[in-house]
Amino acid sequence: MAALADARDLPDGPGRLVALERVAERADAAGDVRSAMDARFALTEAYLLHGERWRLVEPLRRCRAAADRWPALLTDAEAELLARYQRYAVEALLGTPRVGLDQTRLLLDDLAHRVGADGPDAPTVAELRCRIADHLGDEPTARRFFQGWAGTRPGPAGGCPGCAPARRSELLAGWGEWQAARSELRAYDGDAQECTDQPERALVADLLPLLRLGEPEQAAAAHVRAYRRHRRERSAFPYLATHLRFCALGGHLERGLTVLTEQLPRLDRPTDDLAAMEFAAAGALVCGLAEEAGLGDRTVHRPAYADRPATELEVGTLGALLLGLATDLAGSFDARNGTGHQSGRMAAWLAERPSATAAPLPADDEAADEVGDEAGAHEAGAHEPGADEAGAEADSEREVMALTTDMITSTLDRRGDRYLVDDGGTVVGRWGAAVIQFRRAGERGEVLHTRAMAARRLPTARRAEAYAFCNAWNHDRLLPKAYAHDLDTEIVLAGDVATDLTHGVAPAQLLVLVDAAIATGVAYAEAVADLP
């Protein structure tokens with residue numbers, strides 16, 4: 001239906017969510033079950049993109065009810081997708097206290113009933129039961145379900161096979177089983193090769209086990225290599241707590257303060273409450289150890305956000321603020337859970353002290369070479385390519401060919417970015433404060449068209465200010481071309497970059513174009529976010 005297509009075309013943000021909700025409600029009122037299902041699938045994707053996984057329960061419930069009443073309504077692919085959304089809804093409990101414990105258990109029991117005891121997604125159910133029990137502090141139950149999850153591949157609803165070993169390794173490390181945590185990462189090299197989050201995801205999971213097992217040099221190399229990627233990816237926010245803990249426990253307090261200063265603005269827009277709690281606790285640990293080491297006179301810049309002005313905070317003051325945030329969030333989780341486990345876990349983090357003599361940190365461009373065979377066993381490929389392979393690869397990078405959607409997605413895969421591809425072939429992702437679309441335009445799809453939209457909207461009363469901002473940007477910057485899109489109730493600030501590739505493009509050239517489009521699009525969105 002046209003209304004659904006129009007809602008899908010809106011930039012990511014509250015306006016798009018409201019529009020999709022209205023389409024679903026109108027379809028319900030008209031008795032159009034198929035359109036209501038399509039709208040709720042789109043709404044679920046929008047919630048996921050917007051970082052609001054906790055809101056999945058209601059659209060999931062409505063879709064399940066419709067599919068149970070009309071079994072032929074869903075294709076096999078849609079049925080698998082709905083099971084995956086149900087897993088996401090269950091996992092939301094781990095990320096925020098806003099989801100009810102009883103509600104989540106009902107969703108998980110329903111998923112278990114649907115997949116069966118011997119179905120391909122039985123390991124997924126075991127994983128969810130294991131992780132929830134661990135979250136509640138019930139380690140014996142978590143270990144029991146871990147046995148049904150260990151050594152298995154996820155089913156259709158279970159997510160990326162390459163990330164499952166990292167999740168298991170993190171659980172084992174949380175139980176103090178350092179060697180088992182390391183062994184888990186080495187068990188599934190083939191799966192890791194297919195995962196766009198690797199090898200950095202596994203390198204982070206390996207950081208604390210490496211320290212505890214007396215291999216600080218490998219831990220240092222793994223940290224530098226993984227952080228080189230995670231420092232800029234919004235989706236990597238949950239991994240930053242481990243980077244900070246490595247810096248604190250590995251004796252790299254100067255590095256820890258640098259990382260904390262760089263990443264502190266992201267705490268204002270965390271991916272979820274659990275990641276915010278862990279980042280705050282790890283940051284408080286860095287600040288506390290820095291004070292003990294005589295670095296308490298340092299200051300950390302905290303940028304302005306909403307009504308909060310920019311400030312320069314001493315390390316001790318920042319540590320106290322972070323401790324307060326971590327304590328409050330842990331208390332919220334524990335109030336929902338009926339346990340004291342999260343508060344106790346954060347207290348245990350804050351009581352930790354360095355466990356190894358600081359090993360030198362390699363330079364960023366040396367980190368990949370410094371990660372040894374053990375720490376890098378999960379990387380794609382275990383051998384150095386021969387001269388012939390390297391030459392062939394270099395030639396393919398320079399080969400000019402017609403632009404395709406697959407080339408665009410392959411380029412984003414190389415960067416490690418996450419994205420969606422809609423039915424029209426438009427590639428959409430979110431980078432920081434920007435939602436960016438890549439599509440092929442022109443009669444033959446020969447134009448790479450990139451559109452960046454700022455997450456922040458302005459009220460229509462600031463229309464003149466929005467136009468002035470865009471004019472100033474276009475006067476001072478080459479990319480992107482800025483404009484204001486008036487939606488009657490609010491103004492969307494967007495920017496375009498169009499590159500004519502009539503004569504083709506080489507993969508290496510396309511990587512440069514995509515890098516530039518994302519960098520300038522993010523800069524534009526951040527400038528919009530910084531408007532008064």
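**Figure 1. Glycine 429 in strand β4 of the predicted model.** This close-up of a predicted model centres on glycine 429, found in strand β4 (residues 427–431). Glycine 429 counts as buried, at 1% relative accessibility. Beyond its neighbours within four places in sequence, glycine 429 is in contact with Arg418, Tyr419, Ala434, Val435 and Ile436. Leucine 49 lies 380 residues away from glycine 429 along the chain, yet the C-alpha atoms of the two are separated by 8.1 Å.

**Figure 2. Helix α21 and its cover.** Helix α21 spans residues 405–415. Its buried residues are Met407, Ile408, Thr409, Thr411, Leu412 and Arg415. What covers these buried residues includes the helices α13 (216–230) and α23 (507–529). The cover also includes the strands β3 (420–421), β4, β5 (434–441) and β6. Glycine 416 follows α21 and has a positive phi, near 80°.

**Figure 3. A salt bridge between strands β6 and β8.** The side chains of arginine 457 and glutamate 490 meet in a salt bridge, at 2.5 Å from N to O. The pair links distant parts of the chain. Arginine 457 sits in strand β6 (residues 447–459), and glutamate 490 in strand β8 (residues 490–500). The two residues are 33 apart in sequence. Both arginine 457 and glutamate 490 are buried.

**Figure 4. Helix α5 against helix α6.** The axes of α5 (residues 76–95) and α6 (residues 101–115) come within 9 Å and cross at roughly 150°. That angle makes α5 roughly antiparallel to α6, because angles over 145 degrees fall in this class. The crossing of α5 past α6 is left-handed. From α5, the contact takes in Ala83, Gln86, Ala89, Val90 and Leu93. These meet Leu101, Thr104, Leu107, Leu108, Asp110, Leu111 and Arg114 in α6. By class, the contact of α5 with α6 has eight nonpolar, two polar and two charged residues.

**Figure 5. Helix α6 against helix α7.** Helix α6 packs with helix α7 (residues 122–136) at an angle of about 160°, their axes 9 Å apart. That makes α6 roughly antiparallel to α7. Here too the view shows a left-handed crossing, of α6 past α7. On the α6 side, the contact is made by Leu101, Thr104, Arg105, Leu108, Asp109, Leu111, Ala112 and Val115. On the α7 side are Ala122, Val125, Leu128, Arg129, Ile132 and Leu136. The residues of this contact divide into 10 nonpolar, one polar and three charged.

**Figure 6. Salt bridges from the loop between α3 and α4.** Side chains of opposite charge can pair when their charged atoms come close. In the model, the count comes to 37 salt bridges. Glutamate 21 forms one with arginine 55, the closest N and O atoms being 3.0 Å apart. Glutamate 21 is in helix α2 (residues 14–30), whereas arginine 55 is in the loop between α3 (33–49) and α4 (57–69). The pair links parts of the chain 34 residues apart. Glutamate 21 counts as partly exposed, at 22% relative accessibility. Arginine 55 also counts as partly exposed, at 26%.

Glutamate 91 forms a salt bridge with arginine 53, the closest N and O atoms being 2.9 Å apart. Glutamate 91 lies in helix α5 and arginine 53 in the loop between α3 and α4, so this pair ties together parts 38 residues apart in sequence. Glutamate 91 is buried, with a relative accessible area of 11%. Its partner arginine 53 is partly exposed, at 31%. Both residues belong to a network of salt bridges that links Arg53, Arg87, Glu91, Glu127, Arg131 and Arg167.

**Figure 7. Two backbone details in loops.** Most residues other than glycine have a negative phi, and most peptide bonds are trans. Alanine 306 is not a glycine, yet its phi is positive, about 55°. Alanine 306 lies in the loop between β1 (299–302) and β2 (311–314). At 72% relative accessibility, alanine 306 counts as exposed. The other detail is a cis peptide bond joining leucine 479 and proline 480, with omega about -15°. Proline 480 lies in the loop between α22 (463–476) and β7 (481–486).

Methods. Residues numbered from 1 in each chain as written. Predicted model: local features only at pLDDT ≥ 70, side-chain atom pairs only at ≥ 80, totals over all residues. Heavy atoms only, no water. Axes fitted to C-alpha atoms, helices over the stretch in contact; angles between N-to-C directions. Helix = DSSP H or I, 4+ residues; strand = E, 2+ residues; numbered from the N terminus. Parallel < 35°, antiparallel > 145°, perpendicular 65-115°, else oblique. Left-handed = near helix turned anticlockwise from the far one by under 90°. Contact = heavy atoms within 4.5 Å. Nonpolar A, V, L, I, M, F, W, Y, C, P; charged D, E, K, R; others polar. Salt bridge = Lys/Arg side-chain N within 4 Å of Asp/Glu carboxyl O. Buried < 20%, exposed > 50% of the residue type's maximum accessible area, 1.4 Å probe, protein only.
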